[in-house]
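Biologist: I have not looked at this structure before. Could you take me through it, one feature at a time?

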Amino acid sequence: MAARAWKKFYRDFGHKRAFLSPIASARHCSSTAETAPKIPHFSKKGRLLTGATIGLVIAGGAYVSTVDEATFCGWLFSATKLVNPLFALLDPEFAHTLAVSAASRGWVPREKRPDPSNLGLEVWGRKFSNPLGLAAGFDKNAVAVDGLLGLGFGFVEVGSVTPVPQEGNPKPRIFRLREEGAIINRCGFNSEGIVAVAKRLGVQHGKRKLDETSTATSSSNEDVKQGGKAGPGILGVNLGKNKTSEDAAGDYVQGVHTLSQYADYLVINVSSPNTPGLRMLQGRKQLKDLVKKVQAARDEMQWGEEGPPPLLVKIAPDLSKEDLEDIAAVALALRLDGLIISNTTISRPETIAKNPAASETGGLSGKPLFGISTDLLRETYILTRGKIPLIGCGGISSGEDAYNKIRAGATLVQLYTAFAYGGPALIPQIKAELSECLERDGFKSVIEAVGADCR
């Protein structure tokens with residue numbers, strides 16, 4: 001089976017100049033093509049990437065005939081480490097375009113190995129094979145959902161998606177702080193709009209239903225199905241508002257009406273620092289009014305046995321104690337399904353002060369955000385008394401980081417910047433390390449460890 005899979009990959013590569021490792025990217029920045037993003041004209045650096053990848057393909061062809069599928073899968077993920085540093089030579093946004101394009105075409109490794117059993121969990125009635133997700137911003141327009149889920153993420157969140165297409169802020173708008181493991185971006189919700197995204201998700205949803213029908217007779221009724229509306233893995237849709245819109249609630253309601261049928265969960269993003277006035281929606285009255293309207297829009301739609309998708313709110317790390325208390329109170333009063341903690345920060349920790357890019361405006365993500373976002377996560381878990389599922393996001397780059405987020409109160413975790421720097425090989429590494437952390441401290445499952453530091 002591995003040999004057949006390799007032959008198909010090799011044939012596709014020969015015709016399409018495949019890239020094995022879509023690595024370097026930037027938060028909240030994506031392509032604007034109608035289907036899969038166009039790959040720009042190859043520079044000398046681009047040709048160097050192609051040559052390196054061809055070498056990996058040839059070496060892999062000689063190797064695959066002697067190994068089983070799981071071993072070959074591990075080799076493919078490890079091989080991306082060789083190509084990954086070359087992406088650092090490219091402009092961040094150019095590299096991101098290549099990354100999304102490669103994932104959309106399936107030119108990335110596909111995880112064939114099962115996740116460690118202690119990583120599986122159920123949240124909102126949905127089964128996750130593992131708690132590690134990809135945060136919104138990488139696949140802003142739902143171009144590469146299948147390829148990204150195939151990398152082994154337990155869930156992938158697309159968006160932010162705005163009702164009307166918009167270009168976002170002027171370029172350059174993404175800045176690497178490589179030594180600090182960080183990125184600053186001021187992309188500003190660049191989006192193709194809800195119509196384009198709905199079209200893509202609709203095609204994907206229809207394909208999955210067709211696949212389910214064709215395999216129904218060969219599947220046992222006792223089989224546990226991991227995944228959601230996007231197939232294997234869970235799909236979240238992150239909703240944003242247009243920059244010039246004067247009706248924020250109306251924008252989010254449009255997103256719900258158009259995209260919720262394809263989502264396993266929905267996110268109201270009120271915390272991006274790159275859309276003027278957006279963070280004001282985190283105030284107690286503003287947030288309460290907004291959530292009520294969005295919940296009403298969701299609940300007025302017709303739903304099957306699974307019910308409506310859970311509704312979450314993504315908050316900023318730059319909140320006062322009073323602001324956080326207000327958000328927690330609203331979440332409990334309105335029975336919000338979850339919170340994502342957190343978005344990028346506008347603060348500039350001392351650890352990055354010497355980097356020239358630190359003076360750029362925009363949201364900071366990556367390692368410097370870990371402590372800030374984890375402290376906020378812990379406080380939120382205590383304020384909500386562990387009654388609301390929390391997604392920990394910000395600065396995760398290892399299994400130990402993910403484990404610390406979970407102990408601080410996260411049921412699920414997301415990464416982005418570390419994936420931009422570390423590439424596909426980071427995903428199985430983090431999952432293996434997280435599993436070892438749970439075993440080391442005597443936890444039989446992720447759920448047992450949630451909030452352990454707050455008890």
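Biologist: In which loop does P172 lie?

Modeller: This is a predicted model, so what follows is computed from predicted atoms. P172 lies in the loop between β4 and β5. The peptide bond that leads from K171 to P172 is cis, with omega near 0 degrees.

Biologist: Which peptide bond that ends at S342 is cis?

Modeller: The bond from I341 to S342 is cis, and its omega is near 15 degrees. S342 is in the loop between β10 and β11.

Biologist: Let us step back. How many helices and strands does the protein have?

Modeller: The count is 14 helices and 13 strands. Of the 455 residues in the protein, 59% are buried. The accessible surface comes to about 18900 Å², and 53% of that surface belongs to carbon and sulfur atoms. For contacts between residues at least 6 apart in sequence, 77% join residues at least 24 apart.

Biologist: How should I read the strands, and which of them form the closed barrel?

Modeller: The general idea is that strands of a sheet pair through backbone hydrogen bonds, in either a parallel or an antiparallel way. Here a closed barrel of 8 strands runs β3-β4-β7-β8-β9-β10-β12-β13, with parallel pairing. Neighbouring strands of this sheet are turned by 25 degrees against each other on average, with direction ignored.

Biologist: Over how many bridges do β3 and β13 pair?

Modeller: Strand β3, residues 132-134, pairs with strand β13, residues 412-415, over 3 bridges in the parallel sense. G133 stands opposite Q414 in β13. β3 also pairs with β4, in the parallel sense and over 2 bridges. There the bridge partner of L134 is V156 in β4.

Biologist: Is strand β4 largely enclosed or exposed?

Modeller: A residue counts as buried when its relative accessible area is under 20%. In β4, residues 155-161, 7 of the 7 residues are buried, so the strand is largely enclosed by the rest of the structure. β4 is joined to the parallel strand β7, residues 234-239, by 6 bridges. One bridge partnership there is G159 with N238 in β7.

Biologist: What is the strand order of the open sheet?

Modeller: The open sheet has 3 strands in the order β5-β6-β11, with antiparallel pairing. Its edge strands are β5 and β11, each of which pairs on one side only. On average, neighbouring strands of this sheet are turned by 20 degrees against each other, direction ignored. Between β6, residues 182-185, and β11 there are 4 bridges, and I184 stands opposite L364 in β11.

Biologist: Now the helices. What span should the 14 residues of α10 have?

Modeller: At 1.5 Å a residue, α10, residues 370-383, should span 20 Å, and its end C-alpha atoms are 20 Å apart, which agrees. The buried residues of α10 are F370, S373, T374, L376, L377, T380 and Y381. Seen down the axis of α10, these buried residues fall within an arc of 160 degrees, so they line one face of the helix. Among the elements that cover them are β9, α9, β10 and α11.

Biologist: What is the phi of R385, which follows α10?

Modeller: R385 has a positive phi of about 55 degrees although it is not a glycine. R385 is in the loop between α10 and β12, and at 53% relative accessibility it counts as exposed. F189 also has a positive phi of about 55 degrees and is not a glycine. F189 is in the loop between β6 and α6 and counts as buried, at 1% relative accessibility.

Biologist: Which elements do the buried residues of α13 pack against?

Modeller: They pack against α3, β3, α11, β13, α12 and α14. The buried residues of α13 include L426, I430, L434 and L438. α13 has 15 residues and reaches 21 Å from its first C-alpha to its last, close to the 21 Å expected at 1.5 Å a residue.

Biologist: Where does D441 lie?

Modeller: D441 lies in the loop between α13 and α14. D441 is partly exposed, with a relative accessible area of 34%. Leaving out residues up to four places away in sequence, D441 touches Y403 and R407. G442, just after α13, takes a positive phi of about 80 degrees.

Notes: Residues numbered from 1 in each chain as written. Predicted model: local features only at pLDDT ≥ 70, side-chain atom pairs only at ≥ 80, totals over all residues. Heavy atoms only, no water. Pairing = 2+ DSSP bridges. Axes fitted to C-alpha atoms, helices over the stretch in contact; angles between N-to-C directions. Expected span 1.5 Å × (residues − 1). Buried < 20%, exposed > 50% of the residue type's maximum accessible area, 1.4 Å probe, protein only. Arc of directions from axis to C-beta. Contact = heavy atoms within 4.5 Å. Areas by Shrake-Rupley, 256 points an atom, 1.4 Å probe, with all protein chains shown as cover.
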